[in-house]
Amino acid sequence: MDPELIKDCVHCGFCLPTCPTYVLWGEEMDSPRGRIQLMDQHVHGTPVTDEMAGHLDACLGCMACVTACPSGVRYDRLIEQTRAVVEEEHTRTPEERAVRAMVFALFPYRRRLRAMRLPMALSKRLQPLLERANPTLGAMAELAPPAARPVRLPPVVRARRRRRATVGLLTGCVQGEFFPQVNAATARVLALEGCDVVIPPRQGCCGALSLHSGREAEAKRFAMRTIATFERAGVDTVVVNAAGCGSSMKDYAEVLKDEPGWSGRADALAVRDLAEFLVELGPVAERHPLPVSVAYHDACHLAHAQGVRSQPRELLGGIPGLDLREIAESAICCGSAGTYNLFQPVAARELGDRKAERVLATGADLLVSANPGCTMQIAAATRRAGKGEIRVAHTAEVLDAALRGLSPQTLGWVTEDAG
């Protein structure tokens, strides 16, 4: 924990109304400035107690406080440093260690995820039983999306018109296995906008889940492998369609600053969110009318960590016939936050229910998000709400439908059992 970064906090309180856990519980130690006080105590000799670890674990790492802070406090850096300290110094219960070991042995590895897709989908029927056995198992069963049809992407998707750019595409772990249609739509949209899309076939995890959970050495290994993969692919720019992955990849130079030579290699690899890249590139392909109402959800690691807010709205707003609707309390996290909804399922469910209520209040036909975790989290919450179904899609899928002149009914998947 960097003492100089801690000193930047003047305890003004501007972060309080944007912090999801403070909004839920109103507890000072469950606010950003309260957690910074705990960090300061540790720097000055206080050990990581169970109570301290509990308050720090309860942080979603959503970075809404970074957006709200008038003093420029780098809470994003502080919480990542703090997570690593907690993992190193705090002794978790055997059950906690077992659950975390299971999650990190599964989610960063696509083959293992692939083997678990069907069991996770079938486990919905056993969700109450799994919930009683362990809350994390119950959350995994509840969050699992419908089984998706596998999509095989070629190593290169050629530009469909004059080539304007050559980019790499990160396919991701959860995105690639649970939402392969999003990657296919992303590649088509980029090709239609004049990009050669290079898709390395043996991509590994980018390290986002590990980085956000304090598993520093593991995150570094994943980061170095990802950098090397795209260097071999011969691309300078990597387009990412998952907010958490993009946030972590943009942070590679900081993550690898103590690894000789790697920080410079990280800097040489430009990372862009899909919406960010498309707005920078500028549209050339025709947008066909798409008569659908859309509630756009700001994924925290896109809006707060990357500062990408206007670009998705600009892309969606440029589609004829599309009615874009804002969601109340858009800055408040949905409760997904990487592995948060697995390790802190009670708090995550409260936040998910709050978000679902505001999404359904828009009356939109379609919920659009740019992060797979958010998609699964809000879909599960709308099912619990039982107030009517809503279709769920990624920004890339909406653009793909508009560029190819498809019907709105082809978009996304329905949050089944809702109402």
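Is alanine 337 buried, partly exposed or exposed, and what is its relative accessible area? In this predicted model, alanine 337 is partly exposed, because its relative accessible area of 21% falls between the limits of 20% for buried and 50% for exposed residues. The residue belongs to the loop between strand 7 (322-325) and helix 21 (340-343). Its backbone also deserves a look: alanine 337 has a positive phi of about 50 degrees although it is not a glycine. Most residues other than glycine have a negative phi. Histidine 11 is another non-glycine residue with a positive phi, here of about 60 degrees. Histidine 11 sits in the loop between helix 1 (3-7) and helix 2 (20-25), and with a relative accessible area of 37% it is partly exposed.

Turning to buried polar residues, aspartate 298 lies in the loop that runs between strand 6 (292-296) and helix 19 (300-303). Aspartate 298 counts as buried because its relative accessible area is 7%, under the 20% limit. Its side chain is joined to that of arginine 313 by a polar contact of 2.5 Å. With neighbours within four places in sequence left aside, the contacts of aspartate 298 are Ala303, Arg309, Arg313 and Ser330.

Ser330 also appears among the residues touched by lysine 355, a residue of helix 22 (residues 345-361). Not counting residues up to four places away in sequence, lysine 355 touches Ser330 together with His297, Ile327, Glu329, Ile332, Cys333, Cys334 and Ile378. What is the nearest side chain of opposite charge to this buried lysine? It is that of glutamate 329, 6.6 Å away, and lysine 355 has no salt bridge. The distance of 6.6 Å explains why this pair does not qualify, since a salt bridge requires a separation within 4 Å. The backbone of glutamate 329 does offer a partner, however: the side chain of lysine 355 reaches the backbone oxygen of glutamate 329 at 3.3 Å.

Threonine 226, in helix 14 (residues 216-233), provides a further buried polar side chain, with a relative accessible area of 4%. Two backbone oxygens lie within its reach. That of phenylalanine 222 is reached by the threonine 226 side chain at 2.9 Å, while that of cysteine 205 lies 3.3 Å from a polar atom of the side chain. Beyond four places in sequence, threonine 226 is in contact with Leu170, Gly204, Cys205, Cys206, Met249 and Tyr252. To place this site relative to helix 22, one can take aspartate 353: the C-alpha atoms of threonine 226 and aspartate 353 are separated by 35 Å, with these positions 127 residues apart along the chain.

Helix 14 takes part in the largest pocket too, as one of the helices that each supply at least two lining residues, alongside helix 8 (110-122), helix 11 (174-178) and helix 12 (180-192). The largest share, four residues, comes from helix 8. The pocket has a volume of about 910 Å³ and a lining of 27 residues, with Arg110, Arg114, Glu177, Pro201 and Arg202 lying nearest its centre.

Finally, helix 10 (residues 135-143) is mostly covered, with seven of its nine residues buried. These are Thr136, Gly138, Ala139, Met140, Ala141, Glu142 and Leu143. At the start of helix 10, a side-chain oxygen of asparagine 134 comes to within 2.8 Å of the backbone nitrogen of threonine 136, itself one of the buried residues.

Methods:
Residues numbered from 1 in each chain as written. Predicted model: local features only at pLDDT ≥ 70, side-chain atom pairs only at ≥ 80, totals over all residues. Heavy atoms only, no water. Buried < 20%, exposed > 50% of the residue type's maximum accessible area, 1.4 Å probe, protein only. Lys, Arg positive; Asp, Glu negative; His and termini not counted. Polar contact = N/O pair within 3.5 Å; in protein donor to acceptor, adjacent residues only side chain to side chain. Contact = heavy atoms within 4.5 Å. 1 Å grid on protein atoms, 1.4 Å probe; cavity = no way out; pocket = protein on both sides within 12 Å on 5 of 7 lines; lining within 4 Å. Points joined across faces, edges and corners; volume = space filled by probe spheres on them.
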